Amino acid sequence: MTAQALYAHLPSVDLILNHQSQQALINQYGKEHITALVRQLLDQARDSIKQQQQLPLWLSLNECDGLALTQQKQQRIALFSEQLAQVAQPLGSKGQRRVFNLTGTILHTNLGRALQAEAAIKAVTNVMRFPSTLEYSLQQGKRGHRDHAISEQLQQLIGCEDACLVNNNAAAVLLMLASLANGKEVIVSRGELVEIGGSFRIPDVMRQAGCQLVEVGATNRTHLKDYQQAINENTALLMKVHTSNYMIQGFTSAVSEAELCALGRSMQVPVISDLGSGSLIDLAQYGLPSEPMPQKMLQDGIDLVSFSGDKLLGGPQAGIIAGKSELIDMLQHHPLKRALRCDKMTLAALEATLNLYRHPERLPCDLPTLSMLTRSLDALTDLGKHLVPYCQQLVGQHFTVSMMPSMGQIGSGALPTEQLESVALCFSVNNNQTSHTLNDLADLLASGEIPIIGRIHHNRLWLCLRGISHEQDFIAQLAQLSLTHKE
Ligand SMILES: *Cc1c(COP(=O)(O)O)cnc(C)c1O
């Protein structure tokens with residue numbers, strides 16, 4: 001066929017859009033977007049004719065002999081619809097989707113960290129739906145402060161004088177440094193110049209806050225006299241940073257908060273601490289390794305301590321700064337605070353989460369993060385036994401599914417070297433029975449409506465059960481998947 005004749009085989013934009021099968025796509029993605037996609041596909045087809053004198057493969061009819069041109073056009077419109085559905089599809093799967101986090105890392109930054117407590121979810125939907133007293137004091141009948149309620153809660157819970165809430169802990173560190181040490185020096189131990197995943201590095205944050213970092217000590221050892229000797233009239237702060245994602249072992253020495261605070265007091269230099277995760281309760285009571293507690297820091301005399309809302313605290317993404325009123329006041333009045341402040345949904349979720357801490361005995365039940373961390377191995381084993389047959393049914397003779405002890409971790413920089421005992425569903429390839437690989441299996445598990453995310457390690461695929469919730473949904477999801485035959 002000549003190019004001219006081929007062009008005549010292309011349906012018009014209107015014909016394609018008016019075809020009945022397009023209505024569902026238009027309902028889902030909007031008319032403007034689908035129209036743009038149709039134009040793109042038509043351009044593709046024209047390019048193919050121009051450059052290769054043929055229609056693109058997806059628009060070719062198997063049998064067109066004996067078909068009238070109008071019939072051929074009808075069939076081509078149908079092919080267009082199929083192609084359109086395919087290219088429109090990935091759109092629906094972009095963005096955030098619910099997944100099962102069976103990676104073994106409970107607070108997984110890439111998978112959204114802490115799951116919210118039901119009380120927090122309720123509180124958030126309430127302020128989303130209705131006006132609220134975000135910055136309004138009912139008692140005084142006038143403007144209030146958005147951080148006030150949570151500051152009062154924290155005063156009771158951890159014994160601070162006041163608190164300031166911002167977008168996340170990185171923002172908290174930036175705001176503390178910019179408000180209290182701009183143009184001045186901040187002393188930090190060389191053993192604590194951490195980099196958190198992404199691009200949060202203490203030296204870079206210092207620069208952004210306009211501070212001069214003064215490193216003291218060595219990577220493995222820093223002594224009180226190192227800080228002492230570095231203090232001069234330009235020193236604005238002494239800073240401790242929790243080495244949350246690594247641990248220095250061997251011949252080591254660090255200065256405790258209490259010692260540093262005594263030095264700070266005697267030299268009249270405030271001491272601040274970036275705690276990272278922090279925990280408002282002593283995790284040792286659940287047999288978990290302890291993580292430093294902000295209330296202990298405040299007792300030791302720290303002037304300001306900062307920590308995340310969505311790490312061990314188990315709430316929404318937020319940065320919490322707690323400590324002396326005089327310093328919190330300076331933070332609240334710094335121009336950056338407005339840019340870094342929390343929105344009403346975050347504050348509502350945080351307030352509801354902190355309320356749960358009034359009943360510490362109920363926390364393992366009410367707070368999803370703690371509930372996952374404290375699940376017993378017996379409970380996980382029972383769950384595993386229940387789930388093995390569903391998994392085996394999915395993978396048939398291609399893989400063997402077994403239940404194995406495994407090691408998880410809390411994640412998000414909490415307790416870096418401590419491992420969390422767990423139980424996993426473990427898939428190994430039956431090499432003589434299949435050409436499927438572990439990567440095929442991982443793709444399959446991730447391909448459903450609710451993707452299941454595991455981890456490939458030592459030639460096996462592991463689904464760590466400590467992170468599972470809504471087991472019925474999990475079983476239903478497994479049932480929807482199927483391992484197609486592959487040669
Ligand atoms: C996690 C962490 C941060 C960053 O906190 P975000 O809430 O993720 O911004 C900063 N410092 C330390 C020590 C951390 O562990």
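Biologist: Which backbone atom contact does Asn 169 have with the ligand?
Modeller: In this predicted model, a backbone N or O atom of Asn 169 is placed 3.0 Å from an oxygen atom of the ligand.

Biologist: And what about the side chain of Ser 244?
Modeller: Ser 244 offers a polar side-chain atom that lies 2.6 Å from an oxygen atom of the ligand.

Biologist: Which residue has a side-chain N or O atom 2.7 Å from a nitrogen atom of the ligand?
Modeller: That residue is Asp 274.

Biologist: How much of the ligand's accessible area does the protein cover?
Modeller: The ligand has 380 Å² of accessible area on its own, and the protein covers 94% of that.

Biologist: Which elements give two or more residues to the shell around the ligand?
Modeller: Those elements are helix α8, residues 169–181, and strand β10, residues 271–276.

Biologist: Which residues surround the ligand, then?
Modeller: The surrounding residues are Arg 113, Asn 168, Asn 169, Ala 170, Ile 196, Phe 200, His 242, Ser 244, Asp 274, Gly 276, Ser 308 and Lys 311.

Biologist: How does that shell divide by class?
Modeller: Six residues of the shell are polar, three are nonpolar and three are charged.

Biologist: Let us change topic to the interior. Which residues touch the most other members of the largest nonpolar core?
Modeller: That core has 51 residues, and those with the most contacts to other members are Leu 154, Ile 158, Ile 187, Tyr 227, Leu 238, Val 305 and Leu 350. Helix α15, residues 344–356, supplies the largest share of the core, with four residues.

Biologist: What does Ile 158 touch?
Modeller: Leaving aside residues up to four places away in sequence, Ile 158 touches Leu 280, Pro 294, Gln 295, Leu 298, Phe 307 and Ala 322.

Biologist: How many residues are in the other core?
Modeller: Another core, apart from the largest one, has 31 residues, including Val 166, Ala 171, Val 205 and Cys 211. In soluble globular proteins, nonpolar side chains tend to be buried together.

Biologist: Now the backbone. What is the phi of Gln 53?
Modeller: The phi of Gln 53 is near 55°, which is positive in a residue other than glycine. Gln 53 sits in the loop between α4 (31–52) and α5 (69–93).

Biologist: Why does Gln 53 count as partly exposed?
Modeller: Gln 53 counts as partly exposed because its relative accessibility is 48%, and that class runs from 20% to 50%.

Biologist: And where is His 458?
Modeller: His 458 lies in the loop between β16 (455–457) and β17 (460–464). Its phi is also positive, about 50°, although His 458 is not a glycine.

Biologist: Is His 458 buried or exposed?
Modeller: His 458 is exposed, because its relative accessible area is 66% and the exposed class begins over 50%.

Technical notes. Residues are numbered from 1 along each chain as its sequence is written. This is a predicted model: local features need pLDDT of at least 70, side-chain atom pairs count only at pLDDT 80 or more; totals for chains, interfaces and linings use all residues. Side-chain values use heavy atoms; hydrogens and water are left out. A residue is near a molecule or strand if one of its heavy atoms lies within 4 Å of it. A polar contact is a pair of N or O atoms within 3.5 Å; within protein, one must be able to donate a hydrogen and the other to accept it, and residues adjacent in sequence count only if both atoms are side-chain atoms. Accessible areas come from the Shrake-Rupley method with a 1.4 Å probe; for residues, only the protein chains shown count as cover. Ala, Val, Leu, Ile, Met, Phe, Trp, Tyr, Cys and Pro count as nonpolar, Asp, Glu, Lys and Arg as charged, and the others, Gly among them, as polar. Buried means under 20% relative accessible area, exposed over 50%, partly exposed in between (1.4 Å probe, protein chains only). A nonpolar core is a set of buried Ala, Val, Leu, Ile, Met, Phe, Trp, Tyr and Cys residues joined through side-chain atoms within 4.5 Å. Contact means heavy atoms within 4.5 Å.
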